[in-house]
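Colleague: Could you take me through one part of this model slowly, namely the sheets and what packs on them? I would like one connected account that I can follow with the structure open beside me.

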Amino acid sequence: MSQATLATQTTEQDVTAEHHPLARFIDLERYPILARDSDAYRATVESVRDQLRTDGCALLSKFIREDLIEPLREESEALAPKAFYSDNNVNPYVTPDDPSLPEDHPARFFQHYTNGFVARDLIPEDAIVQQLYRDPDFQRFVADCLEESVIYEFADPIAGLVINVMPDDTELPWHFDTNEFIVSLMTRRPNEGGEFQYAPNIRRPGEENFAAVQRILEGDHTDVESLTLNTGDLQLFKGRYSMHRVAAAKGQRLCTLLGYAKTPDMMGSLEHTKRIYGRVTQQHIDADNQRRHDALMG
């Protein structure tokens, strides 16, 4: 291939990227997610994969363009009042109490929390986070990072894309996620605290590892990692296998959760959805008999 031809192709790729919707939001020089055939793209993906293989968590700092940080924060702050707040006691598996288990079993360790979630159907279609969530090139990048051939948006009309709202001096207690992995975008860093803390790969399919879970719940954080996220940072996390929490924060903390799944029919459970979002849809009722096959609680 001649130098002239290569230069022409490079220019065409740059023009295409410049006019792509993602160019408005993402720092494409730092994260060249539209140049999928480039060495830079492969290096970026491999870096994320290495982090996920090591401890199930990958941080992509300054993912959002610098000039979009304030609009992103303002957007989430404007939507925060739409949040439904749960004032509940939950165990790490977000399951009901089981009196048949010993009193000191981790599934009977209930923690109080007050957190709000803005459901997907309350987030405008033209919101930055909605456009990012739906974009096929962003989804392709996430799938590549997760080493998945394809990922799907949640079928769940409420829980697929949500904004987690943590008021001043609140925390999100220890828990496992329903989905195998989650993508999160920090949209407002609190004034202090609010660190993301997690126990990497503490369980695996068919192996709950209750003893290790119990140690953490009792305050032994020897195996716990702590991560501070700034506004505009993107995080990929395998939260079904790593128990995690958000530490108490001073000042409001807003984080958008972008839910994807390996299958196109992912729905939250009836009980969990009602508890967290205050309502369910007919789709949740119809999917209530859905069962998992990884032999894990929650």
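**A walk through the sheets**

Modeller: Happy to. Let's start at a side chain that is easy to find: Arg203 places its charged end over the ring of Phe176, at 3.9 Å from the ring centre. Please keep in mind throughout that this is a predicted model.

From there, turn to the sheet with four strands. This open sheet runs in the order 6-12-9-10, and its pairing is antiparallel. Strand 6 (172–175) and strand 10 (225–227) form the edges; each has a single partner strand, so one side of each has no neighbour in the sheet. From one strand to the next, the twist averages 15 degrees. Inside the sheet, strand 9 and strand 12 (residues 243–246) are joined by 4 bridges in the antiparallel sense. To see the register, find Phe196, which stands opposite Val246 in strand 12. Helix 6 packs on this sheet and touches strand 6, strand 9 and strand 12, with its direction at about 20 degrees to that of strand 12.

The loop that leads into this helix deserves a look at its backbone. Asn209 lies in the loop between strand 9 (196–199) and helix 6 (210–217). Its phi is positive, about 60 degrees, although Asn209 is not a glycine. With a relative accessibility of 32%, Asn209 counts as partly exposed.

Now for the other sheet. How many strands does this open sheet have, and in what order? There are 7 strands, in the order 1-11-7-14-5-3-2, again with antiparallel pairing. The edges are strand 1 and strand 2 (84–90): each has a single partner strand, so one side of each is left without a neighbour in the sheet. Ignoring direction, neighbouring strands here are turned by 25 degrees against each other on average.

Within that order, strand 7 is a good place to stop. Strand 7 covers residues 182–188, and 7 of its 7 residues are buried. With strand 11 (residues 234–237), strand 7 runs antiparallel, and 4 bridges join the two. With strand 14 (residues 253–258), strand 7 pairs over 5 bridges, also in the antiparallel sense. Leu185 shows both pairings well: its bridge partner in strand 11 is Leu234, and its bridge partner in strand 14 is Thr256.

Is that threonine of strand 14 buried or exposed? Thr256 counts as buried because its relative accessibility is 0%, where the cut-off for buried is under 20%. Leaving aside residues up to four places away in sequence, Thr256 touches Val129, Leu161, Val162, Ile163, Val183, Ser184, Leu185 and Thr187.

Further along the order, strand 3 (residues 111–118) pairs with strand 5 (residues 161–166) over 3 bridges, in the antiparallel sense. Gly116 stands opposite Val165 in strand 5. Following the chain back, the loop between strand 2 and strand 3 holds Val94. Val94 is another residue with a positive phi, about 50 degrees, although it is not a glycine.

Two helices lie across this sheet. Helix 3 lies across strand 3, strand 5, strand 7 and strand 14, and makes about 95 degrees with strand 7. Helix 5 lies across strand 1, strand 7, strand 11 and strand 14, and makes about 45 degrees with strand 11.

Helix 5 also brings us to the aromatic side chains. The whole structure has 11 aromatic pairs. One of them is Phe63 with Phe141, a stacked pair with 6.4 Å between centres and 20 degrees between planes. The two partners come from distant parts of the chain, 78 residues apart: Phe63 sits in the loop between strand 1 (57–60) and helix 3 (69–79), while Phe141 belongs to helix 5 (residues 136–145). Phe63 counts as buried because its relative accessibility is 0%, and Phe141 is buried too, at 1%. Both belong to one aromatic cluster that also takes in Tyr31, Tyr41 and Phe138.

Finally, a word on the record. An unreviewed UniProt entry lists residues 157–264 as "domain: Fe2OG dioxygenase". In the model, that span is 7% helix and 41% strand, and its end C-alpha atoms lie 12 Å apart.

Conventions:
Residues numbered from 1 in each chain as written. Predicted model: local features only at pLDDT ≥ 70, side-chain atom pairs only at ≥ 80, totals over all residues. Heavy atoms only, no water. Buried < 20%, exposed > 50% of the residue type's maximum accessible area, 1.4 Å probe, protein only. Pairing = 2+ DSSP bridges. UniProt positions renumbered as here; feature names shortened; annotations may be inferred. Phe/Tyr/Trp six-rings, centres within 6.5 Å; stacked < 30°, edge-to-face > 60°. Lys NZ or Arg CZ within 6 Å of the ring centre and 35° of its normal. Contact = heavy atoms within 4.5 Å. Axes fitted to C-alpha atoms, helices over the stretch in contact; angles between N-to-C directions.
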